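User: I would like to go through this structure step by step, with short reasoning for each answer.

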Amino acid sequence: MTQKKNKVAWITGGGTGIGKELALILAKQEYDVIISGRRKKKLIETANIYKKGIHPFSLDVSNPNQCLKVSKSIYKKFEKIDLLILNAAIYSPGSITKISTADAKKVVDINLLGAINVLSPVAKVMQKNKKGHIVFVSSPAGYQGLPGGGFYGVTKSALTFLAETLNIEFHKSKIKVQVVNPGFVKTPMTDQNPFFMPFLMTPQNAAKKIYKKLESKQFEIYFPKKLIIPMKLLSLLPYRIYFFLIKKLIKLP
């Protein structure tokens, strides 16, 4: 049984990228960190860095029964989950008109329904205890419709909407909700992008920026400002102007 003085964090998609680096940071801060994901080898590699602080659980977030089973196992072993970071995602860029129904379903099942599958059993316990902290790792790709964003942008837009709604609905339960909208982070997913990515950063730097804001009262954690603020300003424009600028700025196939 873990010592109750330790906080317990569960990170989905915790074997690689931002999830992995957040796990390492939290473990250094004496959290008991549960990492889950589909690639068992990556989970074990990450867990071996801090053998006492990081605990791997194989999980396909698109399977609701697996999510329920893993959540029960975590509560049985650790008794609580103080921090839930919903980070699991797949990336499928390209024109929406060229994506098959099967590909679209896979992205939605993992990026959106996967978050809900994990969130559902944990949120019920947090509501009962009237405490907890939920973090959605979304993307500025969900701010506004962008060509080439594919269903990845659709799911991230939905995640941000979900975070905004829960931030209001969980207010009386004293459950803290935050959403993370990072800029371009170098991972195998962004390596698929054929275009120049301004202000590209490492997963380590992104994780440090996220961790620094976890204890803040800031709902949205976003960076770098040089990239995100112009995107926010674009989203405030009337559609007529927004569409005109995007069509001028981005070359369509």
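Analyst: A residue is called buried under 20% relative accessible area, exposed over 50%, and partly exposed in between. The model discussed here is predicted.

User: Is Leu233 buried or exposed?

Analyst: Leu233 sits in helix H8, which covers residues 225-236. The relative accessibility of Leu233 is 52%, and the cut-off for exposed is over 50%. Leu233 therefore counts as exposed.

User: About how much accessible area does the nonpolar surface patch of Ile229, Leu233 and Leu236 have together?

Analyst: Leu233 belongs to a nonpolar patch on the surface, along with Ile229 and Leu236. Taken together, the accessible area of these three residues is about 310 Å².

User: How many helices and strands does the protein have?

Analyst: The count covers the whole protein. Helix H8, residues 225-236, is one of the helices. The totals are nine helices and seven strands.

User: What is the radius of gyration of the protein, and what does the globule rule give for 253 residues?

Analyst: The C-alpha atoms fill a box of roughly 60 × 40 × 35 Å along the principal axes. For 253 residues the globule rule gives 18 Å, and the radius of gyration is close to that, so the protein is as compact as a globular protein of that length. The radius of gyration is 18 Å, and the rule gives 18 Å.

User: What percentage of the 253 residues count as buried?

Analyst: A residue needs a relative accessible area under 20% to be counted here. Of the 253 residues, the share that counts as buried is 46%.

User: Which residues form the positive surface patch?

Analyst: Lys41 is one of its members, and Lys41 lies in helix H2, residues 40-47. Lys41 has 63% relative accessibility and so counts as exposed. The full patch consists of Arg38, Arg39, Lys41, Lys42 and Lys106.

User: How many salt bridges does a search of the whole structure find?

Analyst: Side chains of opposite charge can pair when their charged atoms come close. One such pair is Lys80 with Asp82, at 3.5 Å from N to O. Lys80 is partly exposed at 25% relative accessibility, and Asp82 is partly exposed at 22%. The search of the whole structure gives a total of three.

User: Why are Asp109 and Lys105 separated by about one helical turn?

Analyst: The side chains of Asp109 and Lys105 meet in a salt bridge of 2.6 Å, N to O. Asp109 is buried at 17% relative accessible area, whereas Lys105 is exposed at 52%. The separation is about one helical turn because the two residues are four residues apart in helix H4.

User: Which residue meets Glu220 in a salt bridge?

Analyst: The N to O distance in this bridge is 2.5 Å. The pair links distant parts of the chain, with Glu220 in strand S7 and its partner in helix H8, twelve residues apart. Glu220 is buried at 15% relative accessibility, and the partner, partly exposed at 25%, is Lys232.

User: What distance separates the C-alpha atoms of Gln218 and Val179?

Analyst: Gln218 is in the loop between helix H7 and strand S7. At 28% relative accessibility, Gln218 counts as partly exposed. Gln218 and Val179 are 39 residues apart along the chain, and their C-alpha atoms are separated by 9.2 Å.

User: How far apart in space are Tyr211 and Pro224, C-alpha to C-alpha?

Analyst: Tyr211 is placed in helix H7 and is partly exposed at 26% relative accessibility. In sequence, Tyr211 and Pro224 are 13 residues apart. In space, their C-alpha to C-alpha distance is 15 Å.

Note on methods: Residues numbered from 1 in each chain as written. Predicted model: local features only at pLDDT ≥ 70, side-chain atom pairs only at ≥ 80, totals over all residues. Heavy atoms only, no water. Patch = residues over 30% accessible without salt bridge, like charges linked within 9 Å, V, L, I, M, F, W, Y side chains within 5 Å. Areas by Shrake-Rupley, 256 points an atom, 1.4 Å probe, with all protein chains shown as cover. Salt bridge = Lys/Arg side-chain N within 4 Å of Asp/Glu carboxyl O. Lys, Arg positive; Asp, Glu negative; His and termini not counted. Charge placed at Lys NZ, Arg CZ, Asp CG, Glu CD. Buried < 20%, exposed > 50% of the residue type's maximum accessible area, 1.4 Å probe, protein only. Rg over C-alpha atoms; globule rule 2.2 N^0.38 Å.
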